[in-house]
Amino acid sequence: VFNFAAGPAILPENVLLKAQSELYNWRGTGMSVMEMSHRGKDFLSIIQKAESDLRALLNIPSDYDVLFLQGGATTQFAAIPLNLCTPNDAVDFVVTGSWGDKAFKESVKYCKPNVIWSGKPEKYTKIPSFDDLEQNPDAKYLHICANETIHGVEFKDYPIPRNRAGLLVADMSSNFCSKPVDVSKFGLIYAGAQKNVGPSGVTIVIVRKDLIGNAQEITPVMLDYKIHADNNSLYNTPPCFGIYMCGLVFEDLLAQGGLVEVEKKNSKKGKMLYDAIDESKGFYRCPVEKSVRSLMNVPFTLEKSELEGEFIKEAAKEKMLQLKGHRSVGGVRASIYNAMPLAGVEKLVAFMKDFQARHG
Ligand code: PLP
């Protein structure tokens with residue numbers, strides 16, 4: 001089976017098999033990771049290795065904390081303004097899709113955000129030219145969603161934050177660890193694990209240390225970065241098994257040669273699929289501007305939209321699953337995260353050509 005779901009999504013087979021082999025008895029302890037104390041030395045070794053492997057993968061500078069949290073990226077939509085802003089602080093948002101829009105709407109409760117650019121009038125198919133952005137120098141930070149999972153729009157480069165503190169904040173949920181990132185350009189990066197790096201239930205926050213410790217008074221203890229940083233993500237019971245799974249994925253990504261190699265594979269898969277769409281003479285169409293097409297989520301429509309249901313059904317029969325576009329936009333969406341092998345994209349492209357030959 002090739003699973004093209006947007007998340008929870010495909011994970012590397014070797015990682016799942018390794019987890020299976022350790023499920024009942026982790027390294028001779030006679031216990032599953034699910035059964036261990038989160039304060040015991042076994043789990044401590046798991047979470048510490050997960051963090052150090054992630055630091056190695058993304059080359060995370062030492063003045064950044066790595067937090068393993070819960071509540072999904074959605075919880076961070078509130079936690080970020082609660083930790084970084086006073087209620088009266090302005091924040092700039094560049095909204096390039098539904099997720100950026102949701103982050104903006106949640107932050108309205110905790111600061112004074114302002115959308116300085118929105119792709120909505122053009123149905124979220126573009127990224128703005130950075131020179132045209134009218135940033136507020138008094139904004140606390142500039143927020144972007146690095147990859148819009150539903151609309152398939154991905155930043156290939158990042159705007160320079162023109163606020164006084166020079167802070168850029170990014171939701172990287174759906175392209176986390178899919179390519180190298182210069183972490184030092186960001187004040188904070190956050191990501192739900194369930195696309196590229198693990199099961200749902202783990203949320204990773206990478207935050208510059210000097211930004212921690214000024215949370216608003218109303219901040220729930222579970223959303224206060226200082227509490228989690230001071231306790232090495234062990235203030236309360238963390239999602240132990242999920243963190244273990246993320247650790248196995250980080251180890252696997254390092255074994256593949258790190259994110260430079262991972263990006264090469266992702267570029268090859270993306271090119272193959274977008275070429276197939278563009279060469280179909282309009283039978284398939286991707287609305288996203290070419291230069292900002294996501295390497296992770298590839299949305300497309302069929303010229304004969306009445307055939308989309310048939311396309312998805314036939315693909316499923318051929319063991320290519322979860323190709324339905326998000327309910328808000330319809331069409332087809334192929335998510336081709338790190339763990340999707342080239343063979344999966346080759347099979348999809350062959351199916352698309354065959355489908356077109358039969359219905360074109
Ligand atoms: N941000 C992006 C880019 C997403 O794709 C998602 C979920 O798909 C979210 C945020 C919300 O994440 P969660 O469901 O972990 O709260």
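**Exercise 1. The seven-stranded sheet**

In β10, which residue is the bridge partner of valine 66? Determine also how the strands of this sheet are ordered and which of them stand at its edges.

*Solution.* The model examined here is a predicted one.

Step 1. Valine 66 has isoleucine 206 as its bridge partner in β10.

Step 2. This bridge belongs to the pairing of β2 with β10, which is antiparallel and runs over six bridges.

Step 3. The open sheet consists of seven strands in the order β2-β10-β9-β8-β5-β3-β4, and its pairing is mixed. At the edges are β2 (64-69) and β4, each of which pairs on one side only. From one strand to the next, the twist averages 20 degrees.

**Exercise 2. Strand β9 and its neighbours**

Describe how β9 pairs with β8 and with β10, and state whether the faces of β9 are covered or open.

*Solution.*

Step 1. Begin with β8 (residues 168-171), which pairs with β9 in the parallel sense over three bridges. Opposite aspartate 171 stands tyrosine 190 of β9.

Step 2. Turn to β10 (residues 203-208). Its pairing with β9 is antiparallel and comprises five bridges. Here alanine 191 is placed opposite isoleucine 204 of β10.

Step 3. In a regular strand, side chains alternate between the two faces of the sheet. In β9, one side carries Leu188, Tyr190 and Gly192, while the other carries Ile189 and Ala191, and all of these residues are buried.

Step 4. Both faces of β9 are thus covered. For the strand as a whole (residues 188-192), five of its five residues are buried.

**Exercise 3. The shell around the ligand**

Which residues surround the ligand, and which helix gives the most to this shell?

*Solution.*

Step 1. The surrounding residues are Gly7, Gly72, Ala73, Thr74, Trp99, Cys145, Thr149, Asp171, Ser173, Ser174 and Gly192.

Step 2. Sorted by character, the shell contains three nonpolar, seven polar and one charged residue.

Step 3. Helix α3 (residues 72-84) contributes the most, namely three residues.

Step 4. Some members of the shell have appeared already: Asp171 is among the residues around the ligand, and aspartate 171 is the residue opposite tyrosine 190 in β9. Gly192 is likewise in the shell, and Gly192 is one of the buried residues of β9.

**Exercise 4. Two helix pairs**

At roughly what angles do the axes of α3 and α4, and those of α1 and α6, cross? Classify each pair.

*Solution.* Two packed helices are described by the angle between their axes and the distance between the axes.

Step 1. The axes of α3 and α4 (residues 98-107) come within 8 Å and cross at roughly 50 degrees. This makes α3 oblique to α4. Their crossing is right-handed.

Step 2. The axes of α1 (residues 13-21) and α6 (residues 240-255) come within 10 Å, with a crossing angle of roughly 135 degrees. Angles over 145 degrees would count as roughly antiparallel; α1 and α6 are therefore oblique to each other. The crossing of α1 past α6 is right-handed.

**Exercise 5. Unusual backbone geometry**

Which residues are joined by a cis peptide bond? Are tyrosine 124 and lysine 281 buried or exposed?

*Solution.* Most residues other than glycine have a negative phi, and most peptide bonds are trans.

Step 1. The cis bond joins glycine 7 and proline 8, with omega about -5 degrees. Proline 8 belongs to the loop between β1 (2-3) and α1. Gly7 is also one of the residues around the ligand.

Step 2. Tyrosine 124 is not a glycine, yet its phi is positive, at about 55 degrees. This residue lies in the loop between β4 (112-118) and β5 (142-145). Tyrosine 124 counts as buried because it has 25 C-beta neighbours inside 10 Å.

Step 3. Lysine 281 also has a positive phi, near 55 degrees. Its place is the loop between α7 (259-278) and β11 (284-285). Lysine 281 has 9 C-beta neighbours inside 10 Å and therefore counts as exposed.

**Exercise 6. The three-stranded sheet**

Where in the sheet formed by β11, β12 and β14 do β11 and β14 stand?

*Solution.*

Step 1. The three strands form an open sheet in the order β11-β12-β14, with antiparallel pairing.

Step 2. β11 and β14 (332-335) are at the edges with a single partner strand each, so one side of each has no neighbour in the sheet.

Step 3. Between β11 and β12 (residues 297-302) there are two bridges, in the antiparallel sense. Tyrosine 284 has leucine 302 as its bridge partner in β12.

Methods: Residues are numbered from 1 along each chain as its sequence is written. This is a predicted model: local features need pLDDT of at least 70, side-chain atom pairs count only at pLDDT 80 or more; totals for chains, interfaces and linings use all residues. A residue is near a molecule or strand if its C-beta atom, placed from the backbone, lies within 6 Å of it. Helices (H or I, at least four residues) and strands (E, at least two) are DSSP runs, numbered from the N terminus. Ala, Val, Leu, Ile, Met, Phe, Trp, Tyr, Cys and Pro count as nonpolar, Asp, Glu, Lys and Arg as charged, and the others, Gly among them, as polar. A residue is buried if 20 or more other C-beta atoms lie within 10 Å of its own, exposed if 12 or fewer, and partly exposed in between; C-beta atoms are placed from the backbone. Two strands pair if DSSP finds at least two bridges between them. Axes are lines fitted to C-alpha atoms, for helices over the stretch in contact, and angles run from 0 to 180 degrees between N-to-C directions. Angles under 35 degrees count as roughly parallel, over 145 as roughly antiparallel, 65 to 115 as roughly perpendicular and the rest as oblique. A crossing is left-handed if the near helix is turned anticlockwise from the far one by less than a right angle, and right-handed if clockwise.
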